[in-house]
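Reader: I've got this model open on my screen and I'd like a close look at a single part. Could you pick a loop and walk me through it, then place it in the rest of the chain?

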Amino acid sequence: MRLRLFSPTFFFLLSHSHLRLIRRPAASSRLYAVSAFNPNLSDSEQQPVNHPNLSKLNQASLQRFLNSTRDDPNLALSFLGQLKQHGVSPNVNAYATLVRILSTWGLDRKLDSVLVELIQNEERGFTVMDLIEAIKDEAEYEVLIRVSGALVKAYVSLAMFDEAIDVLFQMKRLNRVPSIKSCNFLMSRLIEFGKTGMVVALFRQLKQLGLCANEYTYAIVVKALCRKGDMEGALRLLLESPTVFAYKTFIDGLCANGQTEKAVVLIKGLIDEKVLAGDDLRTAYSMVVRGFCDEMKTEAAESVVLEMERNGFGPDVRACSAIIVRYCKDMNLPEALGFLDLMLGKGLKLNCVIVSSVLQCYCKMDMCLEAFEKFKEFSGMNIFLDRVCYNVAFDALGKLGRVEEAVKLLQEMMDKGMVPDVINYTTLIDGYCLQGKVTDALNLIDEMSGNGISPDLVTYNVLVAGLARNGYEEEAQEVYKRMKAGGLKPNAVTHNVIIEGLCFARKVEVAEDFLRRLEQKCPDNYASLVKGYCESGLSKKAYKQFVRLERPLSKSSVYNKLFFSLCMEGYLDKALDVLKKMWAYRVEPGRSMCGKLIGALCEINNVREAQLLFDTMVERGLIPDLFTYTIMIHTYCRLNELQKADDLFEDMKQRGIKPDVVTYTVLLNSYQKLDPETGSVQGEEQKKRVSEFWRKFTAAGIGLDVVCYTVLIDRQCKINKIEKATKLFDRMIESGLEPDMVAYTTLLSGYCRKGYIDKAVALVTELSKKDILLTEPFGDLVKRAALKLKRIQQNQE
DNA sequence: ATAGGGTTAG
């Protein structure tokens, strides 16, 4: 294709010779431009007084020139471009000519972009209908239909649906029938925008417009009905025009509406009737796979893949992607990778959707380093990685505190010809904010705007959160104002991140003030304040705010935050109150919360309150877990209420909760304690219990750990069986366990107490040889033991 | 013109 540019000389001639077009500085040119070329506008005061016929003359010559480009549409186009560069705006007839030329030449995409630009230019000085009228008079039927179709498309691409529909009805007014193609296009986009009702309404009016629905139209309307959830209506329409296309749309609709099982039945029937086969069948199958994945029925999805295999289909990318994406969303990385591996073995080709999902799964599981490593691995594998994959890598690097590398990666991405989008920039801005580099974040905002991408609501939320969190309160307020001024309406998230961010930066009063002044407050904002208080160590204040609300918190995660903050700061009564309020509000607190509080109560030996909560849990159907049982048992043991400990132990076994090494250690330790009064072994009954525990313990096949060995060694030392103690210690080392400080101390003090000086010395020597492994406290221990030894030896002398 | 993935609100 040839693109001829007009030299500045051309325009110079145009403006200063007989045509007398006026060149103006671009800044002040707009109004002038219209009036100079549009004879319909009577704004004579803007025209030079001594050239009354200028506009007419100009228009005519322009027209003449455009007409002469009839055989060269590119020439016509670049003429238009040059005109605009010189601040000249052509009138309706000029546009009509241009549009006619492009349309007769079939340059649809060029036509589209000219029309889009025209629609967006609010100072064009004529209406779009004027254009149609101007074309109607001269162009043949075909061209008008084509132009109207292009107009519909242009409006649709600008999401101006009412105007697009208006074009269709204007055609009816002109007794022309618009193309069904453009109508289908309009309908498809309407669906994308969720305007399914408009699709159905338009479909009913097709006949009025003189249009005849084709098979695509039916499929599209079936889709619209499915989206609306009107499966019966969709089915009725489908049966009016049962094409393979429409069937596939309907099948997809069933899958999207949680009726995948029905889709499976339908497919079976269609196979029998030989309607579905080959690639169509493959498509239908993968839709079903996706449906099952959405319904969280991964096994069913996998079995469909197997059925596809039986029918001779190799591993389908879409189907396999859907399954892997499902596993990744569930953060089930092993299954995701396992399935991926299996399918790769069967010939599946990796694609960027699978890659990005797997990478994101790593990120979500807090394995950002692995995510980035994997990204690099995939980069070297000759698979196309798109900007979504890159984005996950940006995110991972940002969370690792390595934004600079992410920015370099952005350059690499652009070098490969990809254009970054809002999300890419937003991710990087977030990365900068996470590192507190707000200046860089702000610079990036400028850079993206310079590249023609305007920050969206999420971008602003990220930025404003970063500013607030890092203590830049004024800048945060400034950006907040700027986004409002720019026509972006802040949402609840915006307010929440500001409130939480300011609290995080310990600017609690500023946050309170911000919330107070907020015009549109929502319950969410108060939940954020509660969270913010917790964040800055003000759990009592958070609690007060929560009580003052007198209603459930809108964000359930805040309960956790509030509750655990209260526990951490020791306000157990308030924590308990939060639990009770949760029950009152019918928000299930869950096992971990109750367990946490029981643990905290036990720690301060308030076993009575702990038991009450324990009972409440059970009453409400929450079975305490192994941890909670063990903590309770331990506490009862410590308080010497062995019977209660024993009861709990039986109770947990009855519930099918298997005691572990910790539980047994706790029990053994307390049952084998010596009588504090006499210093001798306690009664026969207890001895029996000890051996009983020991028998069950070993029978359960639970491996002993260092703590458990230590307890046993301690016991042997106390009842004077030093050989047995030594043997236990050796056995512990043989079984591959590394004795810790407590284990050494226990044995050592046993030796010392009972006067086995030689053994003690040997042990200390052994210990000192291990000096590499000795940490500070360990060293102290050796020193203390040596001192103790010395004292004992001195005493003996 | 029939189907997937990514950013904030830890």
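Author: Met 296 is in the loop that joins α16 (278-294) to α17 (298-310). Keep in mind as you zoom in that this is a predicted model. What's the backbone doing there? Phi of Met 296 comes out near 65°, so a positive value in a residue that isn't glycine. That's worth a second glance, since most residues other than glycine have a negative phi. As for its surroundings, Met 296 has 11 other C-beta atoms within 10 Å and therefore counts as exposed, the cut-off for that being 12 or fewer.

Now hop back along the chain to Asn 175, in the loop between α9 (161-173) and α10 (180-192). Asn 175 isn't a glycine either, yet its phi is positive, about 60°. It has 7 C-beta neighbours inside 10 Å, so it's exposed.

Asn 640, just after α36, also takes a positive phi of about 60°. The helix itself is worth a look. α36 covers residues 626-638, and at 1.5 Å a residue its 13 residues should span 18 Å; the end C-alpha atoms are 18 Å apart, so the two agree. Its buried residues are Thr 628, Tyr 629, Thr 630, Ile 631, Met 632, Ile 633, His 634, Thr 635 and Tyr 636. What covers them includes α34 (590-603), α35 (607-619), α37 (642-654) and α38 (661-671).

One more loop: Glu 569 sits between α32 (557-568) and α33 (572-584). With 16 C-beta neighbours inside 10 Å, Glu 569 is partly exposed. Its C-alpha atom is 46 Å from that of Phe 378, a residue 191 positions away along the chain.

Zooming out, chain A has 44 helices and 0 strands. Of its 797 residues, 39% are buried. Among contacts with a separation of 6 or more, 61% link residues 24 or more positions apart.

Then there's the DNA. Strand B is surrounded by 43 residues, the closest being Asn 184, Arg 318, Val 388, Thr 426 and Asn 461. Helix α22 (residues 387-399) supplies the largest share of that surface, 6 residues. By class, the surface near strand B has 15 nonpolar, 16 polar and 12 charged residues.

How far can you trust all this? Chain A averages a pLDDT of 83, with 88% of residues scoring at least 70. Over residues 1-55, though, pLDDT stays under 50. Where pLDDT is low, the predicted coordinates shouldn't be read in detail.

How values were computed:
Residues numbered from 1 in each chain as written. Chains lettered and ligands numbered in written order. Predicted model: local features only at pLDDT ≥ 70, side-chain atom pairs only at ≥ 80, totals over all residues. Helix = DSSP H or I, 4+ residues; strand = E, 2+ residues; numbered from the N terminus. Expected span 1.5 Å × (residues − 1). Buried ≥ 20, exposed ≤ 12 C-beta atoms within 10 Å, placed from the backbone. Contact = placed C-beta atoms within 7 Å. Near = placed C-beta within 6 Å. Nonpolar A, V, L, I, M, F, W, Y, C, P; charged D, E, K, R; others polar. pLDDT = per-residue confidence, 0-100.
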